[in-house]
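Me: I would like to go through a structure slowly and ask, at each step, what the reasoning behind a word is. Could you set each value against its cut-off as you reply?

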Amino acid sequence: MIDVSEYFVVAFILIGAFFGVVTAIGLIRLPDLYTRTHAASKSATLGVMSVLIGALLFFITEEGMFNSRIVLGIFFVLITAPVGGHLIARAAYNTGVKLAPETVQDDLAKKEELESKKNSSGD
């Protein structure tokens, strides 16, 4: 007989696999680096964390042991993946990678204009 905990383990792993597929589709279909970075950092983070939570639940319920390495993996993925995606997108913007033609708003361009006006009037 299947325990309820096995359903939760399978559900978390399937959710993680689904978000992994969403990440792959986003990386292929989205138009520019910025939206691809968004897909890679957000949905991949959720997918990996779901799989790790499923593995953690499996080890707790089936093996009867708490695996602290999985908890550390969840923590580090939660912290580093969105920050890394943000830094890659910011570095691409600062080096001049163009936005997609469909882009409606560029907030950083307005900020750079204000800073350049401020610096030129202060000289």
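Me: What makes the pair formed by the side chain of T103 and the backbone oxygen of A100 a polar contact?
Reply: In this predicted model, a polar atom of the T103 side chain lies 2.8 Å from the backbone oxygen of A100. A polar contact asks for a pair of N or O atoms within 3.5 Å, one able to donate a hydrogen and the other to accept it, and therefore the distance of 2.8 Å falls inside the limit.

Me: Where is T103 found, and why is T103 called partly exposed?
Reply: T103 sits in the loop that runs between α3 (68–94) and α4 (107–122). Its relative accessibility is 34%, and because partly exposed covers what is neither under 20% nor over 50%, T103 counts as partly exposed. As for its place in space, the C-alpha atoms of T103 and P31 are 9.8 Å apart, although 72 residues separate the two in sequence.

Me: Why is A91 called partly exposed?
Reply: A91, which lies in helix α3, has a relative accessibility of 42%, and because this value is between the cut-offs of 20% and 50%, A91 is counted as partly exposed. From A91 to R36 the C-alpha distance is 14 Å, with the two positions 55 residues apart in sequence.

Me: Why does T23 count as buried?
Reply: T23 belongs to helix α1, and because its relative accessibility of 9% is under the 20% cut-off, T23 counts as buried. Leaving out residues up to four places away in sequence, T23 touches A39, A40, S43 and A44. The buried residues of α1 are S5, V9, G16, T23 and G26, and they pack against α2.

Me: Why is T45 buried?
Reply: T45 is found in helix α2, and with a relative accessible area of 7%, which is under 20%, T45 is therefore buried. The residues that T45 touches, not counting those up to four places away in sequence, are A40, V77, L78, A81 and P82. T45 is one of the buried residues of α2, and others in that list include Y34, A39, S43 and L56. Among what covers the buried residues of α2 are α1 (4–29) and α3.

Me: How do you know that the span of α1 and that of α2 are close to what is expected?
Reply: For α1, with 26 residues, the distance from the first C-alpha to the last is 37 Å, which is close to the 38 Å expected at 1.5 Å a residue. For α2 (residues 33–63), with 31 residues, the reach is 43 Å, close to the expected 45 Å.

Me: Where does α2 bend, and what is the phi of G64 just after it?
Reply: At A44, α2 bends by about 25°, the bend being the angle between axes fitted to the seven residues ending there and the seven starting there. Just after α2, G64 takes a positive phi of about 75°.

Me: How do you know that there is space in the largest pocket, and which residues lie nearest its centre?
Reply: Rolling a probe the size of a water molecule over the atoms shows where empty space is left. In the largest pocket this space comes to about 390 Å³. Its lining is made of 20 residues, and those nearest the centre are Y34, H86, A89, R90 and L108. The elements that give two or more residues to this lining are α2, α3 and α4.

Terms used: Residues numbered from 1 in each chain as written. Predicted model: local features only at pLDDT ≥ 70, side-chain atom pairs only at ≥ 80, totals over all residues. Heavy atoms only, no water. Helix = DSSP H or I, 4+ residues; strand = E, 2+ residues; numbered from the N terminus. Buried < 20%, exposed > 50% of the residue type's maximum accessible area, 1.4 Å probe, protein only. Expected span 1.5 Å × (residues − 1). Contact = heavy atoms within 4.5 Å. 1 Å grid on protein atoms, 1.4 Å probe; cavity = no way out; pocket = protein on both sides within 12 Å on 5 of 7 lines; lining within 4 Å. Points joined across faces, edges and corners; volume = space filled by probe spheres on them.
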